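Me: Please take me through the terms used for this model, one at a time. I should like each label justified by its value and its cut-off.

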Amino acid sequence: MNTYQVAPSQWQRFVDLLDEHPRVRPEAREYYARWVRHWLDAGGDQSEQRTLAFFETLGRSRVLLEWQFKQAIHAVELWTCGIVCLPWGADFDWSGLADQATQLERGHRTLLRGTTRSISAVGPMSREAKKNDRIVAPGENEAVTDLLGRLRCAIRVAGLAVTTEQTYVQWSARFCRFRMRRLRHQLTVLEAADMEAYLEFLALEREVAPATQRQALNALIFLAKKVYGLAEIELDFRPAAGKGRRPPVVLTRDEVRMILGRLCAPWKLICELMYGSGMRQAEVLRLRVKDIDFGHGTIHVHDGKRGKHRVVPLPKALESSLRDHMKLAEEKHRNDVADGLGETHLDPALRRKFPKAASEWKWQFLFSAAKVCHHPRTGQVARYHLHEKSLQRQFARAVERSSMTKRATCHSLRHSFATHLLESGVDIRSVQDLLGHESVATTMIYLHVMKKPGAGAPSPLDL
């Protein structure tokens, strides 16, 4: 060892700990010991900052996989908290660091966003199809591949959102397999009776919700019009009436402070921005450095829901924390550049127009992942933003630690932003602009949950 001499008794205790731990497989014990040795060689035991530097260096590896990175974190956590009991080890956010390394999957909406080439048309098979219709029809894979490829092209020509593309492709893939396996029909011609049979199958056999029925219906109508060229479609099927929109979950100011107090960096800053500016979780995670305007105290949200752009306020209370975060992120970016990395994902058209933009600091994601990864289509090695599932997981843990009975999610911060503004006297039109709603009717739902006389009938117990 270069920096730390480990007593044989400590290694024996570590081996015993690995033997008894339910999450450590026998074949992985050797690798756990290697990660601890690498961490000790890097001087990680000397301070929390040295440990963060060790994992930051580890995250630049092009060949290290996500599960290996998380295995290294778990190994150091076991050693730090279970063997040597370092003073800062118990308070270190091990799970938060591991969540920062969660990579965006190949079909993630951000990775696919703005990319229009290398179309892969094979759609996923539903669990229902695997259980009940396991026999593949002759020529099914080729026919479905060709049809879904044409569907994707039609969707991208129409300029629909990536999430809409994923939804329409999944429903169309299920519909095609239903036609070929259960109805024994080919995909060359589409009839309204086939669509009705599938929608009835969803409503009666699968018992899907009315909203899901309407979603499938919209996907099939798009398929019929844009791929099969059917101008007029008459269906006897009508989805069941929905139950209406549920009122949003709104947190009180004290509940917001309680949850934020149980979050660590960078998740705390992300949630503070969501509550302080009303941004959606995808919008705040996709923020780039150039979108922050300290001079005017604003944040520019580009290409939000339905491709809209808007300007939201930058909370003055977060300026200091945001500057500190950007300072550390810029240092990480400089280290990436020194290691031959330092690029971020940009749309192909923007990359062609500005070839050097991907390496510039202002174009980097404000909340970048701890690990570089390959783009599934271009093969580019770059840092992407943090995964929204990691943010949701960290927020859920904070809510659980707060002993809160509300079914609060990250989006509850956006609901709370709107409600608290209305309660403080801000007019509803201004709140509508800040939230980016198309219609004020969408914003009016917050009038039903705000605690302000005149917004709703008071309780008789309060009279």
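**Labels and their grounds**

Reply: F175, F178, Y198 and F201 are joined by ring pairs into a cluster. Rings of Phe, Tyr and Trp (its six-membered ring) pair if their centres lie within 6.5 Å; planes under 30 degrees apart count as stacked, over 60 as edge-to-face and the rest as tilted. By this rule the protein has 13 aromatic pairs. This is a predicted model, in which local features need pLDDT of at least 70 and side-chain atom pairs count only at pLDDT 80 or more, while totals for chains, interfaces and linings use all residues. Residues are numbered from 1 along each chain as its sequence is written, and side-chain values use heavy atoms, with hydrogens and water left out.

Me: Why is the aromatic pair of W11 and F14 called edge-to-face?

Reply: The planes of W11 and F14 stand at 65° and the centres are 6.0 Å apart, so the pair is edge-to-face. Both residues lie in helix α1 (residues 8-20), three residues apart, about one turn of the helix. Helices (H or I, at least four residues) and strands (E, at least two) are DSSP runs, numbered from the N terminus.

Me: What makes the aromatic pair of F175 and Y198 tilted?

Reply: Here the centres are 5.5 Å apart and the planes differ by 55°, so the pair falls between the two other classes and counts as tilted. The pair links distant parts of the chain, with F175 in helix α9 and Y198 in helix α10, 23 residues apart. Both F175 and Y198 are buried; the term means under 20% relative accessible area, with exposed over 50% and partly exposed in between (1.4 Å probe, protein chains only). W11 and F14 are buried as well. Of the 463 residues of the protein, 46% count as buried.

Me: How do you know that α9 and α10 are roughly perpendicular?

Reply: Two packed helices are described by the angle between their axes and the distance between the axes. Helix α9 (residues 162-181) and helix α10 (residues 192-205) pack at about 105°, with axes 10 Å apart. Axes are lines fitted to C-alpha atoms, for helices over the stretch in contact, and angles run from 0 to 180 degrees between N-to-C directions. Angles under 35 degrees count as roughly parallel, over 145 as roughly antiparallel, 65 to 115 as roughly perpendicular and the rest as oblique. The angle of α9 and α10 therefore earns the label roughly perpendicular. On the α9 side the contact (heavy atoms within 4.5 Å) is made by W171, R174, F175, F178 and R179, and on the α10 side by D194, M195, A197, Y198, F201 and L202.

Me: What makes the residues of the contact of α9 with α10 nonpolar, polar or charged?

Reply: Ala, Val, Leu, Ile, Met, Phe, Trp, Tyr, Cys and Pro count as nonpolar, Asp, Glu, Lys and Arg as charged, and the others, Gly among them, as polar. By this division the contact has eight nonpolar, no polar and three charged residues.

Me: Why is T167 called partly exposed?

Reply: T167, in helix α9, has 22% relative accessibility, so it falls in the partly exposed range. T145 lies in helix α8 (residues 140-158) and is also partly exposed, because its relative accessible area is 30%.

Me: Why is A265 called exposed?

Reply: The relative accessible area of A265 is 64%, and therefore A265 counts as exposed. A265 is found in the loop between α12 (253-260) and α13 (267-277). The peptide bond from A265 to P266 is cis, with omega near -5°.

Me: What makes R184 and E207 exposed?

Reply: R184, in the loop between α9 and α10, is exposed because its relative accessible area is 57%. E207, in the loop between α10 and α11 (210-227), is exposed at 65%. Neither is a glycine, yet phi is positive, about 60° for R184 and about 55° for E207.

Me: How do you know which element has the lowest mean pLDDT?

Reply: pLDDT is the predictor's confidence in each residue, from 0 to 100. Helix α7 (residues 127-132) has the lowest mean among the elements, 52, and strand β1 (residues 292-293) the highest, 96. Over residues 116-126 pLDDT stays under 50. Where pLDDT is low, the predicted coordinates should not be read in detail. For the protein the mean is 87, and 90% of its residues reach 70 or more.
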